[in-house]
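Me: I'd like a close look at just one strand and whatever surrounds it. Pick one that gives you plenty to talk about, and follow the trail outwards from there.

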Amino acid sequence: MTHTIETPPAVPAGEPLPPQVDKLIGDLETHLPQGEVPAGIFGHPQVYQTELRKVFGRCWVYLAHDSEIAANGDYVVRKIGEDNFIVSRDEAGEVHVLFDACRHRGVQVCRADSGNTSHFRCPYHGWTYGSDGKLVGAPLWRNAFGGMSKEDNGLTAAAQVRAYHGLIFATLDPTAPPLEEYLGGMAWYLDLLFGLDGEGMEVLGAPQRFVVDANWKSGADNFSGDDYHLGTLHRSVWEIGAFPIPFRENMMGYHIQAEPGHSLSFSMADDPDEPGPKFFGFPDDVAAKFDTSRISEHQLDIARRSRVMVGNVFPNFSLLALPLTEDGSKHPPTGIVTIRCWQPKGPGQIEIWNWFLGYKGMSDEQKDRAYRAGLGTFSVGGSFEMDDTEPWITVGRTGRSVAAELLDFRLNYQMGMPGVGIATKVDDWPGPGVTYRTRYEEGVQRNMYRYYAAMMRAERGEWPKVGLDEDL
C-alpha cells in the first residue's frame, strides 16, 4: 500500500491567512503580552507554508560570508526558505544571488555545492549563463532562438543583495527596507564584534551541515538569549572544563532587544579590570592587535568586558562568541565565533548550517586552535550542540501534537515580566535597544515573536510597525 502525503495549500502573500493559521497567530497576538506562546506555531503544516512566503519570502536572509567567494568565479549554493540560490562572484568581482533555475524549463543549473567557474550550463538543453547570471548562449542558437533577447532571459536574481561586515544577505521582496534599516540597532552590535579588527573576519573551513527533527524557530529562540537553560542542559560543560565561567557569574549580564525581531545577550564583567576572559576569550596577543578605530569607546568597553555574546537576526541567522575548549585537560579555553542558519526543511525539520570564523590577523595556529575548540563544542558532534538539539526535537513534536491543539496548549515566556524574577530594565545602557539586567529574562524572545506575528499578518509591500517592551 502506498501513502500519499498531501502538501497544505499554498498561502499567496497578500491573501487572508487560512483559518487555522489565523487562529494560531491570533492566539499568539492575544497571549504574548501575558508571556504565553501557542505551541502549535512550532509544527503546524499550514503555519510553515505561510512562513515560507511571509517570513522567508520577504525578510533579509543570510546566505554566505564574503570570504567563501573570495576569488572571481567563486560560488556557493545556499537557500532562501527551501529554494536554492547561487551566490557567485563574477569576473568583475561583483556578488550576485541567482535563483538556481534555468529560464528555459526551470532545471537546476548548478550541480555542486561550491566551486569556481566562469559559466553555469543547464544539463537539459544546454542554455549557458555567465557567473553574473546573464544568458551567454545555447546550442544552435540561430536556428532555435535567433531574434530572441538574451538580455531578458538571464538567471533570475534576488530582489536585493547586500553585504554587512562580509555577511551576505538577500531578500526576495523588492519593497523590503534596505539591509541597514532592517538591522536597525542590531547593526551597532554587529559592528562591536565584526568591527573589532580592521582586517575583518574570515571563515575557517566549509560550513558544517546536519539535519535535526526540529522547527527553525527553536534555534532562533535559543540564540535570541535563552540563557536560563545553561545551568541544567549544559551543566556537563562546566564539569569537563570546556567553559571557564561559573554559571552564577555567567548569568550576570544583559538582554537587549536591539530592534523589533532582533535580540541578543551579553555575559559581562562589571569591572573592565576584573580577572577572567575579556574580548570573548580571545588571547591577549590577539586582542592587543585589534584595530578598534571603527567602533566607539562604548562599543570597545562592552567588547572588552564581554565573556559571551549571543544573538539572532530575524528570522534565522544566529551568532555566538565565547571562550571554549574541546578538552580542558589539554588546552585552555580560547575565543571562538560561530555563525549559523536554522535552515527550514519542513514544519518539523531543520538543516543547521554552521560556520566558524576567525579574525584575519590571527596566526594560523590561533585559527586552528579556535576551529578545533569550536568543533568539539558547537558542531554536529559537539558537547553543546548535542545538548541543545534533543530538547528542540520534542518542542516540535509537542507543537505538532493533537493534544496541544485540542487543549490550546501554550508555552510560558513570562521570565522578566513585571513581578517575575530579578531582571530589571536598564536606562543608562550606551547602545541601542531596550536592555534588561540580568540574563534571567525572556523579553528577548518575546521581541522575536512579536515581530514574527506582525510579519505573518503583513501584506506584501507593507512592513509592520512593531514596538519593543518599552513601547507596550
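Reply: Quick word on labels before we dive in: helices (H or I, at least four residues) and strands (E, at least two) are DSSP runs, numbered from the N terminus. Keep in mind, too, that this is a predicted model.

Let's take β19, residues 350–359. Ten of its ten residues are buried, so the strand is largely enclosed by the rest of the structure. In a regular strand, side chains alternate between the two faces of the sheet. For β19, both faces are covered. One side has Ile350, Ile352, Asn354, Phe356 and Gly358, the other has Glu351, Trp353, Trp355, Leu357 and Tyr359, and all of them are buried. Notice that Glu351 is on that buried list along with the two tryptophans.

Now for the pairing partners. β18 (residues 334–344) runs antiparallel to β19, with eight bridges between them; one pair to look for is Thr338 with Phe356. The two strands form a hairpin with five residues between them, and Gly346 there has a positive phi near 140°. β13 (residues 208–212) is also antiparallel to β19 and is joined to it by five bridges, with Val211 opposite Glu351. Then there's β12 (residues 201–203), again antiparallel, with three bridges to β19; here Met201 partners Tyr359.

That last pair is a handy way into the core. Met201 and Tyr359 both touch Leu193, whose contacts beyond four places in sequence also include Phe280, Met309, Leu319, Ala321 and Val337. Leu193 is one of the residues that touch the most other members of the largest nonpolar core, which has 113 residues; the others are Phe266, Phe280, Phe314 and Tyr452. As a rule in soluble globular proteins, nonpolar side chains tend to be buried together. A second core, of 17 residues, lies apart from the 113-residue one, and Val107, Val109, Cys122 and Leu135 are among its members.

A couple of those well-connected residues have backbone quirks. Phe280 is in the loop between β15 (262–268) and α10 (284–287) and has a positive phi of about 65° despite not being a glycine. Its relative accessibility is 0%, so Phe280 counts as buried. Compare Leu140, another non-glycine with a positive phi, about 50° this time: at 66% relative accessibility, Leu140 counts as exposed. As for Phe314, its peptide bond to Pro315 is cis, with omega near 10°, and Pro315 falls in the loop between β16 (306–313) and β17 (317–324).

Tyr452 leads on to the helices. It's one of the α15 residues in contact with α2, along with Met455, Met456 and Arg457, while α2 contributes Val47, Thr50, Glu51 and Lys54. Those contact residues divide into four nonpolar, one polar and three charged. The axes of α2 (residues 45–54) and α15 (residues 443–457) are 9 Å apart and at about 85°, so the two helices are roughly perpendicular. Just ahead of α15, the loop from β22 (434–437) holds Thr438, which is joined to Arg437 by a cis peptide bond with omega about 15°.

One last step: α1 (residues 19–31) also packs on α2 at about 85°, with axes 9 Å apart. Val47 and Thr50 of α2 turn up here too, with Gln46, against Gln20, Val21 and Leu24 of α1. This contact has three nonpolar, three polar and no charged residues.

Terms used:
Residues numbered from 1 in each chain as written. Predicted model: local features only at pLDDT ≥ 70, side-chain atom pairs only at ≥ 80, totals over all residues. Heavy atoms only, no water. Axes fitted to C-alpha atoms, helices over the stretch in contact; angles between N-to-C directions. Parallel < 35°, antiparallel > 145°, perpendicular 65-115°, else oblique. Contact = heavy atoms within 4.5 Å. Nonpolar A, V, L, I, M, F, W, Y, C, P; charged D, E, K, R; others polar. Buried < 20%, exposed > 50% of the residue type's maximum accessible area, 1.4 Å probe, protein only. Pairing = 2+ DSSP bridges. Core = buried A, V, L, I, M, F, W, Y, C linked by side-chain atoms within 4.5 Å.
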